[in-house]
Amino acid sequence: MMSIAARSGALSPYLQATAVRALTPGVVKGDLVMKIGPDPCCNASGGVRLAHTDIKVPDFSDYRRPEVLDPKKSSQESSEARRTFSYMVTGATAVVGVYTAKTVVTQFISSMSASADVLALSKIEIKLGDIPEGKNMTFKWRGKPLFVRHRSEKEITAEAAVNLAELRDPQHDKDRVANPKWVIVLGVCTHLGCVPIANAGDYGGYYCPCHGSHYDASGRIRKGPAPLNLEVPYYEFPDEDTVIVG
């Protein structure tokens with residue numbers, strides 16, 4: 001179908017110029033050739049397909065390894081050396097890939113950690129010598145009120161003698177303090193998050209005026225709707241006159 005279209009189209013002159021005509025038997029008389037039979041190709045033309053033998057194959061010798069330059073030499077003789085090289089390249093690539101992945105993951109995790117200024121604000125250092133005995137001081141820590149209470153011997157004895165069976169959230173006084181003289185709790189009521197008043201209430205500890213929750217001098221809930229004791233943050237005493245919270 002394509003041949004018929006090409007013969008009748010724009011390529012017709014070129015196809016006619018390259019047409020192959022078969023020789024017709026004839027008789028020579030002088031300078032004339034007399035045809036004996038009809039010419040079977042006089043009404044048809046065809047194309048000529050070249051063999052493309054003039055195209056040169058590129059030389060890839062510069063890209064081949066010395067062991068396989070000779071095409072007549074079996075490549076099995078150098079297979080061990082070439083396989084060793086391939087293993088070395090693969091191993092080196094794997095090591096580089098693992099190291100790169102480790103670096104990316106480490107930097108990603110580090111980017112999500114707190115910065116130095118945030119870590120500095122996460123701790124607070126308090127000089128205990130500024131708090132007289134029997135008094136409570138309030139500090140701001142991580143956006144929350146922090147109660148630091150200097151208890152008297154009478155308060156220490158009274159809180160240690162409390163019967164745990166009477167408590168809504170049973171917790172012994174010695175489990176809430178690192179040093180019996182100092183009670184350190186968050187000033188946030190466990191009922192609805194209000195700020196209690198220090199040295200107030202029926203038990204002389206803390207009192208939340210919002211809904212009437214009473215805490216003792218150890219920060220334990222004794223009366224009212226609050227379900228839990230006041231939270232005790234992590235703290236440590238680097239020396240007798242200093243406490244670091246956080």
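1. Two residues are in contact here when they have heavy atoms within 4.5 Å of each other. With that in hand, take a look at how the chain folds back on itself: among contacts with a separation of 6 or more, 49% are between residues 24 or more positions apart. Keep in mind as you read that this is a predicted model.

2. Now the overall inventory. You should be able to find five helices and 12 strands in the chain. Of its 246 residues, 24% are buried. The chain exposes about 17,500 Å², and carbon and sulfur atoms supply 60% of that area.

3. Next, go inside. The largest nonpolar core has 25 residues, and the ones with the most contacts inside it are Ile126, Leu146, Val148, Ile184, Tyr215, Val243 and Val245. The elements that each give it two or more residues are β3 (124-127), β5 (144-150), β6 (182-186), β8 (206-208) and β12 (242-245). Of these, β6 gives the most, with five residues.

4. Ile126 is a nice residue to click on. Leaving out its neighbours within four places in sequence, Ile126 is in contact with Phe139, Leu146, Val148, Asp241, Thr242, Val243 and Val245. Some of those names should ring a bell: Leu146, Val148, Val243 and Val245 were also on the list of core residues with the most contacts.

5. Spend a moment on β6. Why can we call β6 largely enclosed by the rest of the structure? Because five of its five residues are buried, and buried means under 20% relative accessible area. In a regular strand, side chains alternate between the two faces of the sheet. In β6 both faces are covered: Trp182, Ile184 and Leu186 are buried on one side, and Val183 and Val185 are buried on the other.

6. Who sits beside β6? β5 and β6 pair in the antiparallel sense, over five bridges. If you want a landmark, Arg149 stands opposite Val183 in β6.

7. On to the rings. A pair of aromatic rings is described by the distance of the centres and the angle of the planes. This structure holds two such pairs. In the stacked one, Phe147 and Tyr206 are 5.1 Å apart centre to centre, with 5 degrees between the planes. Phe147 lies in strand β5 and Tyr206 in strand β8, so the pair ties together parts that are 59 residues apart in sequence. Phe147 and Tyr206 are both buried. Tyr206 has another visitor too: Arg149 lies over the face of its ring, at 5.5 Å from the ring centre.

8. The other pair is edge-to-face: Tyr235 and Phe237, 5.6 Å centre to centre, with 90 degrees between the planes. Are the two partners buried or partly exposed? Tyr235 has a relative accessible area of 10%, so it counts as buried. Phe237 is partly exposed, because its relative accessible area is 27%.

9. Finally, two backbone spots for you to check. Most residues other than glycine have a negative phi. Arg142, though, has a positive phi, near 55 degrees. Arg142 is in the loop between β4 (136-141) and β5, and at 52% relative accessibility it counts as exposed. Asn199 is not a glycine either, and its phi is positive at about 55 degrees. You'll find Asn199 in the loop between β7 (197-198) and β8. With 37% relative accessibility, Asn199 counts as partly exposed.

Methods
Residues are numbered from 1 along each chain as its sequence is written. This is a predicted model: local features need pLDDT of at least 70, side-chain atom pairs count only at pLDDT 80 or more; totals for chains, interfaces and linings use all residues. Side-chain values use heavy atoms; hydrogens and water are left out. Helices (H or I, at least four residues) and strands (E, at least two) are DSSP runs, numbered from the N terminus. Buried means under 20% relative accessible area, exposed over 50%, partly exposed in between (1.4 Å probe, protein chains only). Accessible areas come from the Shrake-Rupley method with a 1.4 Å probe; for residues, only the protein chains shown count as cover. A nonpolar core is a set of buried Ala, Val, Leu, Ile, Met, Phe, Trp, Tyr and Cys residues joined through side-chain atoms within 4.5 Å. Two strands pair if DSSP finds at least two bridges between them. Rings of Phe, Tyr and Trp (its six-membered ring) pair if their centres lie within 6.5 Å; planes under 30 degrees apart count as stacked, over 60 as edge-to-face and the rest as tilted. A charge sits over a ring if NZ of Lys or CZ of Arg is within 6 Å of the ring centre and within 35 degrees of the ring normal.
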